[in-house]
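Please open the model in your viewer and keep the sequence panel beside it. The tour starts with the whole chain and then moves to a few side chains.

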Amino acid sequence: MDEELVNRCECVNKTFEQLKVYGTLDEAQEATGCGRECEGCMPYLRLMFASGETAFDLDDPRLSSYQ
Ligand code: FES
């Protein structure tokens, strides 16, 4: 079975691909509310805006720098 990738804010049901279009985390949050509910996606959102990637392993080792 493939390991599932983290590729969206589940709470607002927006993919990182869709959120990346806003350019910054602040803009994306303002527009969609992403990252403000359970906040579980926040490290992934920070890593997404830092790296430009839009899908991550659940335990991507870079996440520790983006808590
Ligand atoms: S998954 Fe993004 S706030 Fe819950």
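Begin with the cartoon of this predicted model and follow the chain from its N terminus: the order of elements along the sequence is β-β-β-α-α-α-β, which gives 3 helices and 4 strands.

Next, select the C-alpha atoms and turn the view along the principal axes, where these atoms fill a box of roughly 35 × 25 × 20 Å. How does the radius of gyration agree with that of a compact globule? For 67 residues such a globule would have a value near 11 Å, and because the protein has 11 Å, the two agree. If you display contacts, consider those with a separation of 6 or more in sequence, of which 43% join residues 24 or more positions apart.

Now switch on the surface. The protein exposes about 4400 Å², with carbon and sulfur atoms supplying 44% of that area, while 36% of the 67 residues count as buried. Colouring by charge will show 6 positive and 14 negative side chains, and the centres of these two sets lie 5 Å apart.

Hide the surface again and turn to the aromatic rings, among which the structure holds 2 pairs. For one of them, select Phe 16 and Phe 56, whose ring centres are 6.1 Å apart and whose planes meet at 50 degrees, so the pair counts as tilted, a class that lies between the limits of 30 and 60 degrees. Phe 16 sits in helix α1 (residues 16-20) and Phe 56 in strand β4 (residues 56-57), so that this pair links distant parts of the chain, 40 residues apart. Are these two side chains buried or exposed? Both Phe 16 and Phe 56 are buried.

Keep Phe 56 selected and add Tyr 44, which forms a tilted aromatic pair with Phe 56, at 6.4 Å from centre to centre and with 45 degrees between the planes. Because Tyr 44 belongs to helix α3 (residues 42-51) and Phe 56 to strand β4, the pair ties together parts that are 12 residues apart in sequence. Tyr 44, like Phe 56, is buried.

To finish, show Phe 16, Tyr 44 and Phe 56 together, since which residues make up the aromatic cluster is best seen in one view: these three form one cluster, with Phe 56 taking part in the pair with Phe 16 and also in the pair with Tyr 44.

Note on methods:
Residues numbered from 1 in each chain as written. Predicted model: local features only at pLDDT ≥ 70, side-chain atom pairs only at ≥ 80, totals over all residues. Heavy atoms only, no water. Helix = DSSP H or I, 4+ residues; strand = E, 2+ residues; numbered from the N terminus. Rg over C-alpha atoms; globule rule 2.2 N^0.38 Å. Buried < 20%, exposed > 50% of the residue type's maximum accessible area, 1.4 Å probe, protein only. Contact = heavy atoms within 4.5 Å. Areas by Shrake-Rupley, 256 points an atom, 1.4 Å probe, with all protein chains shown as cover. Lys, Arg positive; Asp, Glu negative; His and termini not counted. Charge placed at Lys NZ, Arg CZ, Asp CG, Glu CD. Phe/Tyr/Trp six-rings, centres within 6.5 Å; stacked < 30°, edge-to-face > 60°.
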